[in-house]
Amino acid sequence: MATIDPELLEILACPVPECRAPLALSDSALLCTGCRRRYRIEQSWPVLIPEEAELPAMPSVGANSAEAGAASKNP
Ligand SMILES: [Zn+2]
């Protein structure tokens with residue numbers, strides 16, 4: 001069971017340049033409140049590497065796509 005220092009959690013932000021949203025502890029991972037990526041925690045240290053993050057399963061795009069779209073690619 002991974003835990004993380006609340007003070008550390010407070011200063012952490014999503015490493016994705018277009019995102020930079022705060023992270024929230026979710027189960028044994030950090031969940032980005034912006035792009036919804038999941039960053040795993042190894043030895044009490046979050047692995048904040050976008051390439052290593054788990055992308056959320058994409059639900060069918062619905063009414064709240066505008067919010068999620070903020071973090072996704074723009075042409
Ligand atoms: Zn993010």
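Helices, of at least four residues, and strands, of at least two, are DSSP runs numbered from the N terminus. The model shown in these views is predicted.

**Figure 1. Pro17 in the loop between helix H1 and strand E1.** Helix H1 spans residues 6–11, and Pro17 lies in the loop that runs between this helix and E1. Pro17 counts as exposed because 7 C-beta neighbours lie inside 10 Å, and the cut-off for that class is 12 or fewer. Pro17 and Pro50 are separated by 33 residues in sequence, while their C-alpha atoms are 9.6 Å apart in space.

**Figure 2. The open sheet of four strands.** The strands follow the order E1-E2-E3-E4 and pair in the antiparallel sense. The edges are occupied by strand E1 (23–26) and strand E4 (45–46); each has a single partner strand, so one side of each lacks a neighbour in the sheet. Pairing between strands of a sheet takes place through backbone hydrogen bonds, in either a parallel or an antiparallel manner. For E3 and E4, the antiparallel pairing extends over two bridges.

**Figure 3. Ile41 in strand E3.** Strand E3 covers residues 38–42 and includes Ile41. Across the pairing, Ile41 stands opposite Pro46 of E4. Ile41 has 17 C-beta neighbours inside 10 Å and is therefore classed as partly exposed; a buried residue would need 20 or more. Thr3 is 38 residues from Ile41 in sequence, with a C-alpha to C-alpha distance of 8.0 Å.

**Figure 4. The largest nonpolar core and the contacts of Ala53.** Seven residues make up this core: Cys14, Leu23, Leu30, Cys32, Cys35, Tyr39 and Ala53. Once its neighbours within four places in sequence are set aside, Ala53 is in contact with Arg37, Arg38 and Tyr39. Among these partners, Tyr39 is itself a member of the core.

**Figure 5. The protein chain as the setting for the close-up views.** The chain contains two helices and four strands. Read from the N terminus, its elements are arranged as α-β-β-β-β-α. Of the 75 residues in the chain, 11% are buried. Among the contacts with a separation of 6 or more, 28% join residues that are 24 or more positions apart.

How values were computed:
Residues numbered from 1 in each chain as written. Predicted model: local features only at pLDDT ≥ 70, side-chain atom pairs only at ≥ 80, totals over all residues. Core = buried A, V, L, I, M, F, W, Y, C linked by C-beta atoms within 7 Å. Contact = placed C-beta atoms within 7 Å. Pairing = 2+ DSSP bridges.
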